[in-house]
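User: Hi! I'm new to reading protein structures and would like to go through one step by step. Could you help me?

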Amino acid sequence: MVATIIQGMIISFALVSSIGMQNLFVFNSAVSNRLSRALLIAVFVWIADTTLTLIAFLGMGALISRYFALKLAVMAIGGLVVVWMGWGIWRSANSVGLGNDQQQLTLKRAFFSAWAVAFANPQAIIDTGVSLGAFRSTLTAAQAGPFLFGVVSATAIWFFGVTLIISALKSRLPDKFMRWVNLISGAIVMLYGAGLVVTAGRMILELL
């Protein structure tokens, strides 16, 4: 059982540590919010990520792998959403500061944003679905529970750890730090989304 939990944690750390919108969102939240609020937003992100993990583990990856049209739709529509979100990050760069309560997201908006960065990222959906779906096929019924526990435990450690570390270090950061973080983050997210749209376009061309 312990070995299965550790296996789940290792796989989860590998997936969640890659640069993505969830990590950018948690990072920005930790820098621009007081600790208690940033931790609450980290809870929102963890809940959304755990939901995606459960859906992926229970068969989403198999569906995406089996149905080309579904994978194409996820890539194309998701890519456009990612570009839109990246533009929003870029556009708001000048209005974001370190720990300014007037610039913080409302909890309602933060909650829905946490779900958006989890489910509007098509590559994360595909990678998580396929990866966890593949590992699910190698586990027995008795191992499935401990494996999932390892996965969700690792994401909790990651998101809360990032929040605590960034919150502790943000007082040493220059005032314009968040502006540049958001400009760079927005550019990365937009390029990433554009890449997904281009990939979807190539998939369509291959059918013609």
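User: Which residues of H1 meet H7?

Analyst: Happy to help, and keep in mind that this is a predicted model. On the H7 side, the partners include Phe 147, Gly 150, Ala 154 and Trp 158. On the H1 side, the residues are Thr 4, Ile 5, Gln 7, Gly 8, Met 9, Ile 11, Ser 12, Phe 13 and Val 16.

User: How many nonpolar residues does the contact of H1 with H7 have?

Analyst: Let's sort the residues by class. The contact of H1 with H7 has no charged residues and seven polar ones. The nonpolar residues number 13.

User: Are H1 and H7 parallel, antiparallel, perpendicular or oblique to each other?

Analyst: Two packed helices are described by the angle between their axes and the distance between the axes. Here the axes of H1 (residues 2–16) and H7 (residues 141–169) come within 7 Å and cross at roughly 40°. Angles under 35 degrees count as roughly parallel, and 65 to 115 as roughly perpendicular. H1 and H7 are therefore oblique.

User: How are H2 and H5 placed, roughly parallel or roughly antiparallel?

Analyst: Try the same steps with this pair. The axes of H2 (residues 21–32) and H5 (residues 107–119) come within 8 Å, and they cross at roughly 155°. An angle over 145 degrees counts as roughly antiparallel. So H2 and H5 are roughly antiparallel.

User: Which residues of H2 meet H5, and how many residues of this contact are charged?

Analyst: H2 brings Met 21, Gln 22 and Phe 25, which meet Ala 110, Ser 113, Ala 114, Val 117 and Ala 118 in H5. By class, six residues of this contact are nonpolar and two are polar. The number of charged residues is zero.

User: Is Ala 144 buried or exposed?

Analyst: Ala 144 lies in helix H7. Its relative accessibility is 9%, and buried means under 20%. Ala 144 therefore counts as buried.

User: Which residue lies 87 places from Ala 144 in sequence, and how far away is it in space?

Analyst: Leaving out residues up to four places away in sequence, Ala 144 touches Phe 57, Arg 136 and Leu 139. The one 87 residues away in sequence is Phe 57. From C-alpha to C-alpha, Ala 144 and Phe 57 are apart by 9.2 Å.

User: Stepping back, how many helices and strands does the protein chain have?

Analyst: Reading along the sequence gives the pattern α-α-α-α-α-α-α-α. The chain has 208 residues, and 42% of them count as buried. The count is eight helices and zero strands.

Terms used: Residues are numbered from 1 along each chain as its sequence is written. This is a predicted model: local features need pLDDT of at least 70, side-chain atom pairs count only at pLDDT 80 or more; totals for chains, interfaces and linings use all residues. Side-chain values use heavy atoms; hydrogens and water are left out. Helices (H or I, at least four residues) and strands (E, at least two) are DSSP runs, numbered from the N terminus. Buried means under 20% relative accessible area, exposed over 50%, partly exposed in between (1.4 Å probe, protein chains only). Axes are lines fitted to C-alpha atoms, for helices over the stretch in contact, and angles run from 0 to 180 degrees between N-to-C directions. Contact means heavy atoms within 4.5 Å. Ala, Val, Leu, Ile, Met, Phe, Trp, Tyr, Cys and Pro count as nonpolar, Asp, Glu, Lys and Arg as charged, and the others, Gly among them, as polar.
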